[in-house]
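Work through the following exercises with the sequence and the structure at hand. Each task is followed by a solution in steps.

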Amino acid sequence: MRQQTEGQGFDYLSEEDRTRCAALVDGLLERRATPEEIDVVTRQLGRYPRGIVAVGARCSGCGSPLAVVTRPLIDGVVPFPTTCYLTSPKAVKAVSHLEATGVMAYLSQWLAEKNDEALLVRTAYLRAHEMYLYFRSCLAERLDDSQEHITNVSAGGMPTRVKCLHALVAQSLVFGPGVNPVGDWALRSCMDEFSQVTCRCKLASPQRNEPSMPKPIGAAGAVFQEVRHE
Ligand SMILES: [Zn+2]
């Protein structure tokens, strides 16, 4: 078995973070995707979810998959860096509406600002990035997947930019709140359209609303409260 986590930095991870990632991997491997779950995800994505390890997050109302975890090397040949992948059509659509507001460029710029709140969120975002890589390394090790082609490849633009909110939201759903500040923020921002705790899975697709600009990220200092409280 390869020692996949060696030789990588992980400067922002505590022992507890590492233990948490390893435990998450253990939990996922204990409940590998069943043929029934793979059927549901296939319908959600409109294609077979190659390399699926397990359902990583579910709707708390009906139990439908919201995000899946995919192995780092698919079929032994295809490197796959997007370990956490959003599958729920409702969630994908809601996040797409948020992305359509052009908020990613704004967030990327905001993260680079020189103020205490941006610094705090930037540090949390770096930790989220390392959690992602460490989690994937644990998974690679357990599955004996090589990840030499994706060693430092993160998702969603981490660790300094915001390029794909779907990837960041998927991490927030798989890891739970308090890990990825941007993913958590995106989930709150599209709460009217999608939420893990309010099942809308069986509803017909709503009329497409014109995207509206979400609340500014630093508004009243309230947006990233949970980061500050950690
Ligand atoms: Zn549901």
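**Exercise 1.** In which segment does Tyr12 lie? Then decide whether Tyr12 is buried, exposed or partly exposed, and list what Tyr12 touches beyond four places in sequence.

Solution. The model is a predicted one.
- Step 1: Tyr12 is found in the segment before α1, the helix of residues 15–30.
- Step 2: Tyr12 has 17 C-beta neighbours inside 10 Å. A buried residue needs 20 or more, and an exposed one has 12 or fewer. Tyr12 therefore counts as partly exposed.
- Step 3: Leaving out residues up to four places away in sequence, Tyr12 touches Leu126, Arg127 and Glu130.
- Step 4: Take Leu126 from that list: it is 114 residues from Tyr12 along the chain, yet the two C-alpha atoms are separated by 7.0 Å.

**Exercise 2.** Write down the order of helices and strands along the protein chain.

Solution.
- Step 1: Count the elements: the protein chain has eight helices and five strands.
- Step 2: Read along the sequence, they give α-α-β-β-β-β-β-α-α-α-α-α-α.

**Exercise 3.** Determine the strand order of the open sheet, and explain why one side of β1 and of β5 has no neighbour in the sheet.

Solution.
- Step 1: The sheet has three strands, ordered β1-β2-β5, with antiparallel pairing.
- Step 2: β1 (52–58) and β5 (84–86) each have a single partner strand and stand at the edges, so each has one side without a neighbour in the sheet.
- Step 3: On average, neighbouring strands in this sheet are turned by 30° against each other, direction ignored.
- Step 4: Between β1 and β2 (residues 65–70), the antiparallel pairing runs over five bridges. Arg58 has Pro65 in β2 as its bridge partner.
- Step 5: Now add the helices. α2 (residues 35–45) packs on the sheet, where it touches β1 and β2, and its direction makes about 105° with that of β2. α6 (residues 165–175) lies across β1, β2 and β5, at about 110° to β5.

**Exercise 4.** Which value does the pLDDT of the protein chain average, and where does the pLDDT fall below 50?

Solution.
- Step 1: The average is 88, and 84% of the residues score at least 70.
- Step 2: Residues 204–213 have a pLDDT below 50, and this stretch has five contacts in the model beyond near neighbours in sequence.
- Step 3: Residues 218–230 also stay under 50, and here the model has 20 contacts beyond four places in sequence.

Conventions
Residues are numbered from 1 along each chain as its sequence is written. This is a predicted model: local features need pLDDT of at least 70, side-chain atom pairs count only at pLDDT 80 or more; totals for chains, interfaces and linings use all residues. Two strands pair if DSSP finds at least two bridges between them. Helices (H or I, at least four residues) and strands (E, at least two) are DSSP runs, numbered from the N terminus. Axes are lines fitted to C-alpha atoms, for helices over the stretch in contact, and angles run from 0 to 180 degrees between N-to-C directions. Two residues are in contact if their C-beta atoms, placed from the backbone, lie within 7 Å. pLDDT is the predictor's confidence in each residue, from 0 to 100.
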